[in-house]
Each structure stands twice: as structure tokens, then as C-alpha cells.
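Reader: Please take a close look at a single part of this model and set it in the context of the whole chain. I should like the cut-offs stated along the way.

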Amino acid sequence: LHALEQQDDVEQIAGLFADNAELTNPHVHEPMRGTEGARRFWSEYRDAFGDIRSSFKATIESENTSALEWVSEGTMRATGKPFRYGGVTILEWSGDRVSRFATYFDTQPLR
């Protein structure tokens with residue numbers, strides 16, 4: 001994530017996703033799928049922000065699932081408006097690849 005946020009490196013993060021992965025968040029009306037969907041998901045994420053920094057407050061891991069509590073802050077690309085928001089991401093794993101990515105957050109700070 002930090003390579004994406006600091007260097008716009010979409011390929012590194014997109015490469016973590018399985019060919020049949022499903023990605024969702026409150027801004028995505030239909031899940032994005034597969035590695036191409038992951039590439040599009042993360043490109044759209046990065047394009048929304050002028051700058052962004054994320055930090056992780058807590059992580060929970062089991063054999064095939066991880067939960068991440070995070071906070072992100074920076075500026076919106078379109079307006080330059082500063083933001084700070086937090087949320088939770090659930091990752092489901094198939095081997096060493098992410099098969100499901102679902103993130104939940106209040107969209108209000110991003111408006």
C-alpha cells in the first residue's frame with residue numbers, strides 16, 4: 001500500500017490478487033474482479049488523492065482471513081481539500097493471493 005501511495009506503483013499491489021479476486025468498498029457499486037479489477041480498483045483509489053498516507057492501528061490474522069483497522073489522511077486531488085478517515089478492511093486469502101477484499105468506511109470525510 002505504501003508503494004502505491006508514495007510512488008504510484010499499482011502493479012505491486014495488484015499483483016497480490018488472485019485471478020478470481022473480488023474487490024469492494026462503499027464507492028464500488030459492483031465488485032471489481034480479478035487482477036484487472038484489482039489494477040482498476042487501486043488506480044482509481046490512487047487517482048482520487050493528491051497525496052495520501054495510511055497507517056494501521058490493528059491487525060487480526062487467521063489461516064485464511066485478515067482484518068486491518070486503518071486511518072488514512074492527505075488531500076483530495078480534485079479540490080486540494082484535506083481529509084482524514086478510518087475504516088476496516090477484510091482480506092480473504094487463497095494461498096498467497098487475495099481472493100476477496102472488502103473495505104468499510106464512512107464516505108463523508110471524502111466528500
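Author: E69 is partly exposed, because its relative accessible area is 35% (buried means under 20%, exposed over 50%, and partly exposed in between, with a 1.4 Å probe and protein chains only). This value belongs to a predicted model, in which local features need pLDDT of at least 70 and side-chain atom pairs count only at pLDDT 80 or more, while totals for chains, interfaces and linings use all residues. Residues are numbered from 1 along each chain as its sequence is written, and side-chain values use heavy atoms, with hydrogens and water left out.

E69 lies in strand β4, which covers residues 65-76 (strands are DSSP runs of E with at least two residues, helices are runs of H or I with at least four, and both are numbered from the N terminus). Once its neighbours within four places in sequence are set aside, E69 is in contact with S55, F56, K57, A58, G87 and V88; contact here means heavy atoms within 4.5 Å. A further relation links E69 to G86: the two are 17 residues apart in sequence, and their C-alpha atoms are 7.5 Å apart in space.

The sheet around this strand is open and has 6 strands, in the order β2-β1-β6-β5-β4-β3, with mixed pairing (two strands pair if DSSP finds at least two bridges between them). β2 (32-33) and β3 (49-61) stand at the edges with a single partner strand each, so one side of each has no neighbour in the sheet. Strands of a sheet pair through backbone hydrogen bonds, either parallel or antiparallel. The antiparallel sense is found between β1 (residues 17-24) and β2, over 2 bridges, and L23 stands opposite M32 in β2.

For the chain as a whole, there are 3 helices and 6 strands, which run α-α-β-β-α-β-β-β-β from the N terminus on. The radius of gyration is 14 Å, which agrees with the value near 13 Å for a compact globule of 111 residues; the radius is taken over C-alpha atoms, and the globule rule is 2.2 Å times the number of residues to the power 0.38. The C-alpha trace spans about 40 × 30 × 25 Å along its principal axes. Of the 111 residues, 40% count as buried. Among the contacts with a separation of 6 or more, 44% come from residues 24 or more positions apart.
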